[in-house]
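Please open the model in your viewer and keep the sequence panel beside it, since each stop of this tour begins with a selection.

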Amino acid sequence: MIEALLFMLIIGALCGTVLSFASKIFYVWEDPRIAQVENYLAGANCGGCGFTGCSAAAAAVVEGKAPPSVCAVAGPEATTSVAGVMGMDPGSAEPRVSMNPCDGGDRAEDRFYYNGVNTCEAMVAMFGGKRVCQVGCLGYGDCVRICSFSAIKMGPEGYPVIDEVACVGCGACQRACPKDLIHVRTMSDRLLHTNLETDPLAPCQQTCPAEIDIPTYIAQIREGDYEGAVHTIRERNPLLLSCGRVCPHPCEDYCRRGVEDEAVSINQLKRFAADFEMNSGKRLPIACAPDTGKRVAVAGGGPAGLSAAYFLRRLGHSVTIFEAMPKLGGMIRYGIPEYRLPKKTLDWEIEGILNLGIEARTNMRLGRDFNVADMEKEGFEAIFIAHGAWVDYNLKVEGEDLKGCFKGIDFLSRLASGEELDIKGKKAAVVGGGNSAIDCVRNLIRLGAEEVSIVYRRTRSEMPANEVEIEAAEHEGINFVFLAAPTQVIGDADGNVKQLEYLKMELGEPDASGRRRPVPVEGSETRMDLDILITAIGQQPDMSFKNMGPGMADLKITRWNTFDTDPYTLQTSIPHIFTAGDAATGPSLVVEAIGGGRRAARSIHQFLSGEEVKAPESSLFKRHIDESIFKQVPGVEKKPRSKMTELPPEERVKSFEEVDKVLTEEEALAESNRCLSCCRVCYNPDVAA
Amino acid sequence: MGDYLVLAISAILVNNILLAQYLGNCPFLGTSKKMETAVGMAAAVVFVLVMAGLITWIVNTFVLQTLGLDYLRTIAFILVIASLVQFVEMFLKKSIPALYAGLGIFLPLITTNCAVMGVCLINVNEEYTFIQALVSSFAYAVGFGLALILFAGVRERVLLGRVPRPLQDTSIALVTAGIISLAFFAFKGMV
Ligand SMILES: Cc1cc2nc3c(=O)[nH]c(=O)nc-3n(C[C@H](O)[C@H](O)[C@H](O)COP(=O)(O)OP(=O)(O)OC[C@H]3O[C@@H](n4cnc5c(N)ncnc54)[C@H](O)[C@@H]3O)c2cc1C
Ligand code: SF4
């Protein structure tokens with residue numbers, strides 16, 4: 001008995017000693033914070049977080065590979081404590097939430113069921129997993145079974161529905177889903193995501209340059225969740241009030257309903273949601289990721305600059321905007337007229353963006369008041385330049401500098417700045433066929449010009465301006481002079497413009513762009529009388545800042561005076577300078593500038609995080625998924641599109657009041673019911689039924 | 001040499017620790033859902049079992065038997081094996097971090113694994129020599145790995161089958177284990 005006790009004592013002591021020596025000898029230094037963090041984790045070693053036990057999770061937090069909210073079990077207090085250890089701001093520690101983008105589509109019949117399969121994983125192993133489309137949900141609920149927190153349930157329609165409140169973001173479902181469909185993402189991940197070939201995307205969303213999740217926001221409007229719709233749009237587009245008014249909606253051209261019927265009025269619905277927020281009198285909160293402490297300078301406060309600033313701020317960077325004009329907004333303030341986008345509305349929208357904590361320094365022109373080197377000196381680690389295209393092209397004919405002659409952008413921006421121009425009772429003509437030209441004529445008629453003409457080289461069908469704009473101008477009594485090429489401007493003795501001489505043209509062979517080239521008709525010189533002449537035949541960016549300040553020699557510029565960049569990443573030939581909008585693409589659209597701003601923000605985020613700046617693999621940039629483009633859409637019954645109310649032409653030419661009115665709630669609901677809730681190949685022709 | 005071969009075959013197949021002796025059932029079910037984890041676990045078991053087999057043999061032969069304390073064998077082995085695994089874990093972490101990263105999670109699981117304990121006791125009960133104990137420990141561990149990996153393969157296949165709800169997961173795994181075990185009984189007459 002005594003020996004036994006003694007023996008056990010000795011062997012116990014021996015083991016203890018050996019181990020304690022070993023722990024000294026084999027000691028590996030560990031960040032003491034790992035132990036502190038581990039203290040706050042649940043200690044269950046459940047693996048719910050995706051790491052192999054609590055200590056691995058704690059180590060990941062300390063290495064910055066996992067957020068303070070890593071522990072799936074411990075709850076919010078633990079997150080706060082962990083964030084405390086790490087010196088992070090717990091309030092904004094980003095929660096991760098699971099999202100299932102597929103609602104199953106039309107998979108009523110269980111095709112493979114009798115082959116004996118009952119898990120998604122098995123389905124993929126045996127049949128490659130194809131159910132309806134390449135990427136869609138299989139509906140066997142592997143994710144439902146794997147979730148330890150009952151945050152996913154099989155919905156009545158047979159696809160998993162996620163309870164965002166119960167979801168702790170552990171990522172188990174993402175790992176279980178063999179179709180790589182369910183993604184557990186933080187807000188930043190979602191803001192940084194751009195369309196991929198493998199994503200479940202409706203044709204409209206594939207087309208939208210800003211990649212807005214259109215079917216989702218329309219479905220939210222249908223369910224009366226207008227706030228949700230605003231949030232969905234804001235995940236991709238911070239200028240929803242402006243876009244809702246001025247966007248020529250390329251998405252509607254690809255609307256699947258449009259194949260059989262009139263397209264869904266997507267943009268009107270966006271405007272409805274945006275106006276709902278503004279008219280509700282309160283701003284919906286916009287979340288931002290924890291501060292990263294990195295500083296980015298944005299030169300140019302137009303749509304591209306505002307969009308980049310907004311996304312960078314939401315990703316946690318601090319942003320300063322430098323703007324040449326007294327106010328932000330760029331062309332949508334100084335180009336697009338009041339009657340299309342009221343300044344009050346624009347101010348409200350821009351204020352909301354600046355409220356995120358973005359500094360704006362106005363009256364600061366790059367190349368005049370400061371240069372790139374100054375921004376570098378001030379400590380900005382990345383620089384974003386989106387100064388738009390503000391230099392009007394010249395007609396290159398004699399006399400175009402006479403008194404009474406204007407350039408399109410110059411005219412519009414002076415008007416927008418509140419300058420009084422004496423137009424009343426005068427005869428005016430505008431040369432050009434784009435949006436600026438139309439905006440000029442519609443402004444002129446409102447300013448009381450007696451007669452307003454638009455002079456264009458080709459015919460109406462070749463006009464690059466938006467169709468709705470041309471129609472509106474026609475209704476407002478503008479005189480269209482087609483197939484006319486100005487040859488000289490004639491003035492009187494005082495140097496005032498009096499006449500415009502042009503050559504008549506006829507359409508010849510199609511040129512490279514597929515449009516029939518206008519050729520002059522010999523001896524057809526014609527003169528028209530006028531007092532005001534505006535040239536609005538296109539613009540290009542002003543790259544003069546390149547010659548000011550050192551280090552700009554490496555900046556590559558195209559022959560159209562735009563930045564030479566990769567169209568996806570928008571990184572210029574100087575690695576820490578990025579761009580977007582008209583300065584990158586030449587004159588384009590607001591949505592294009594917004595989408596570009598977001599892509600540039602993504603690239604800047606990669607750059608600041610020390611990653612390689614590159615497009616994701618299988619990016620769907622500017623392309624469509626073949627299987628989503630249909631020639632026929634069976635089952636769709638025609639339903640008329642909700643018409644928006646407009647101010648009658650007689651009334652609207654008298655003032656600058658907004659012409660287009662927002663849809664009423666009833667009209668918006670009816671319109672949202674026309675949407676087929678499309679995905680890659682699925683659609684639901686009976687949504688409304 | 002022939003004897004060792006017989007010993008090895010008997011340990012790997014005929015007296016397979018999982019399928020014929022039914023030891024170590026918890027890792028058998030717990031780590032066999034995925035091939036990847038099964039392989040990791042198998043490697044860790046080989047590693048630990050060989051060392052534990054040898055150490056316990058030494059402890060038994062030179063300490064317990066000389067002192068006539070054979071009746072303390074079980075408790076002494078538990079202590080020794082647990083300390084050993086802890087020690088190995090520390091050693092690996094410091095000296096061979098790559099191996100630690102691969103086996104790290106499985107090591108603590110083995111601390112209290114009855115398969116390891118079982119093999120150590122078998123070695124002693126059968127009165128093996130040191131070399132025999134070495135071969136036997138290694139062979140039993142290989143047998144463990146073999147059974148585990150086979151089983152993981154089968155379980156991945158079972159996922160493809162249409163299993164009635166009450167039988168899903170662990171239940172069907174146990175039934176399957178039983179059938180595989182029956183198959184292993186065919187080796188019975190071999191040695
Ligand atoms: C008359 C007109 C009508 C249009 N109508 C439509 C429409 O209906 N729908 C549509 O989608 N698009 C329309 N567009 C196009 C659209 O406005 C532009 O594509 C869009 O505004 C481009 O955004 P941006 O940020 O790239 O450039 P901009 O909007 O031009 O913004 C550039 C900003 O940079 C500032 N800036 C310039 N130089 C400097 C400098 N050196 N330093 C600092 N800041 C500088 C400018 O003041 C401006 O604020 C229209 C354009 C015009 C001209
Ligand atoms: S029907 Fe709806 S989802 Fe489908 S393309 Fe049109 S707007 Fe997009």
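Select Val653(A) together with Ile445(A), Arg446(A) and Glu476(A), and you will have the residues that Val653(A) touches once those up to four places away in sequence are set aside. In this predicted model, Val653(A) sits in the loop of chain A that runs between α25 (649-652) and α26 (665-672). Add Tyr339(A) to the selection: Val653(A) and Tyr339(A) are separated by 314 residues in sequence, yet their C-alpha atoms are 9.6 Å apart in space.

Next, display α26(A) along with α10(A), two helices that pack at an angle of about 130° with their axes 9 Å apart. Because of that angle, α10(A) counts as oblique to α26(A), and the crossing of the two is left-handed. To see what makes the contact, show the side chains of Ile218(A), Ile221(A) and Arg222(A) on α10(A), and those of Ala668(A), Leu669(A) and Ser672(A) on α26(A). Coloured by class, this contact comprises four nonpolar residues, one polar and one charged.

Keep α10 (residues 214-222) of chain A in view and bring in α15 (residues 266-280) of chain A, which packs against α10(A) at an angle of about 55°, the axes being 10 Å apart. This angle is why α10(A) is described as oblique to α15(A), and here, too, the crossing is left-handed. Which residues of α10(A) and α15(A) meet? From α10(A) come Ile214(A), Tyr217(A), Ile218(A) and Ile221(A), while α15(A) contributes Ile266(A), Leu269(A), Lys270(A), Phe272(A) and Ala273(A). By class, the contact of α10(A) with α15(A) holds eight nonpolar residues, no polar ones and one charged.

From Ile266(A), move to ligand 2, since Ile266(A) is also one of the residues around that ligand. The others to select are Ala202(A), Pro203(A), Cys204(A), Pro215(A), Cys255(A), Arg256(A), Val264(A), Cys675(A), Leu676(A) and Cys678(A). Sorted by class, the shell around ligand 2 consists of ten nonpolar residues, no polar ones and one charged.

For the last stop, turn to the aromatic rings, which form 19 aromatic pairs over all chains. Select Phe26(A) and Phe87(B), an edge-to-face pair with 5.7 Å from centre to centre and 80° between the planes. This pair crosses between chains, with Phe26(A) in the loop between α1 (2-25) and α2 (32-40) of chain A and Phe87(B) in helix α4 (residues 73-95) of chain B.

Methods
Residues are numbered from 1 along each chain as its sequence is written. Chains are lettered from A and ligands numbered from 1 in the order in which they are written. This is a predicted model: local features need pLDDT of at least 70, side-chain atom pairs count only at pLDDT 80 or more; totals for chains, interfaces and linings use all residues. Side-chain values use heavy atoms; hydrogens and water are left out. Axes are lines fitted to C-alpha atoms, for helices over the stretch in contact, and angles run from 0 to 180 degrees between N-to-C directions. Helices (H or I, at least four residues) and strands (E, at least two) are DSSP runs, numbered from the N terminus. Angles under 35 degrees count as roughly parallel, over 145 as roughly antiparallel, 65 to 115 as roughly perpendicular and the rest as oblique. A crossing is left-handed if the near helix is turned anticlockwise from the far one by less than a right angle, and right-handed if clockwise. Contact means heavy atoms within 4.5 Å. Ala, Val, Leu, Ile, Met, Phe, Trp, Tyr, Cys and Pro count as nonpolar, Asp, Glu, Lys and Arg as charged, and the others, Gly among them, as polar. A residue is near a molecule or strand if one of its heavy atoms lies within 4 Å of it. Rings of Phe, Tyr and Trp (its six-membered ring) pair if their centres lie within 6.5 Å; planes under 30 degrees apart count as stacked, over 60 as edge-to-face and the rest as tilted.
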